[in-house]
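Q: Hey, I've just been handed this one and don't know my way around yet. Can you walk me through it?

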Amino acid sequence: MNPYEAYMKEISQPMRDELTNAGFSELTTPESVDEFISSKEGTSLVVINSVCGCAAGLARPSARESLENEKKPEHLVTVFAGQDREATSRMRDYLEGYEPSSPSMALLKNGQVLHFIPREEIEDHDVEEIVHNLTTAYNQYC
């Protein structure tokens, strides 16, 4: 690993931990993404994590807080854009019809996208608005 990769891994680790400590499983390879999509039935929240500025700093807390809702997804997973590039690319293949966006969040059911929140609906919004966006989808689909 070159010094830049090591530095970025060190910087991104707390951002990874923020989601994994909240119960999200990291998918770090294309194979793990394929296995997850093909094997998980029910609803899943996918967070495409990112180091990108304030949008990422809003996405992670919003995803965590949304889980306090009575209805919530059965499965929680994350891929890290810019870090686990191949896994992120593979996950984006499953988010057919949605432009790549980091950070972003998707609610899936049996691998099909039910609700998608792109970066544009994260940045310049507050945590409460993003949580409301997520929990409205949970209440409808979970």
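A: Sure, and keep in mind that this is a predicted model. Let's start with Asp124, whose place is in the loop between E5 and H5.

Q: Okay, is Asp124 buried or exposed?
A: Asp124 counts as exposed, because its relative accessibility is 76% and the cut-off for exposed is over 50%.

Q: What's phi like for Asp124?
A: Phi of Asp124 is near 65°, so to speak on the positive side, in a residue other than glycine.

Q: Which other residue that is not a glycine has a positive phi?
A: Asn110 has one, at about 50°. You'll find Asn110 in the loop between E4 and E5.

Q: And how exposed is Asn110?
A: Partly exposed: Asn110 has a relative accessible area of 45%.

Q: Back to that loop with Asp124. Where does Asp126 sit?
A: Asp126 is also placed between strand E5 (112-117) and helix H5 (127-141), in the loop there. Asp126 is partly exposed, with a relative accessible area of 37%.

Q: Which residues gather with Asp126 in a patch on the surface?
A: Asp126 gathers with Glu65, Glu68, Glu128 and Glu129, and the patch they form is one of negative charge.

Q: Why can Asp126 count for a patch like that if it's just partly exposed?
A: Because a patch takes residues with over 30% relative accessible area and no salt bridge, and Asp126 has 37%.

Q: New topic: helices. What span should H3 have, and what does it have in the model?
A: Helix H3 covers residues 53-66, which is 14 residues. At 1.5 Å a residue H3 should span 20 Å, and its end C-alpha atoms are 21 Å apart, so the two agree.

Q: Which residues of H3 are buried?
A: Ala55, Ala56, Leu58, Ala59, Arg60, Pro61, Ser62, Ala63 and Ser66 are buried there.

Q: Now prolines. Which peptide bond is cis?
A: The one from Ser102 to Pro103 is cis, with omega near -5°. Pro103 lies in the loop between helix H4 (85-94) and strand E4 (104-109).

Q: Last one, strands. Where is Val79, then?
A: Val79 is in strand E3, which runs over residues 75-80.

Q: Buried or exposed, that Val79?
A: Buried, because Val79 has 1% relative accessibility and buried means under 20%.

Q: How far apart are Val79 and Asp93?
A: In sequence, Val79 and Asp93 are 14 residues apart. In space, the distance from C-alpha to C-alpha is 13 Å.

Technical notes
Residues numbered from 1 in each chain as written. Predicted model: local features only at pLDDT ≥ 70, side-chain atom pairs only at ≥ 80, totals over all residues. Heavy atoms only, no water. Patch = residues over 30% accessible without salt bridge, like charges linked within 9 Å, V, L, I, M, F, W, Y side chains within 5 Å. Areas by Shrake-Rupley, 256 points an atom, 1.4 Å probe, with all protein chains shown as cover. Salt bridge = Lys/Arg side-chain N within 4 Å of Asp/Glu carboxyl O. Lys, Arg positive; Asp, Glu negative; His and termini not counted. Charge placed at Lys NZ, Arg CZ, Asp CG, Glu CD. Helix = DSSP H or I, 4+ residues; strand = E, 2+ residues; numbered from the N terminus. Buried < 20%, exposed > 50% of the residue type's maximum accessible area, 1.4 Å probe, protein only. Expected span 1.5 Å × (residues − 1).
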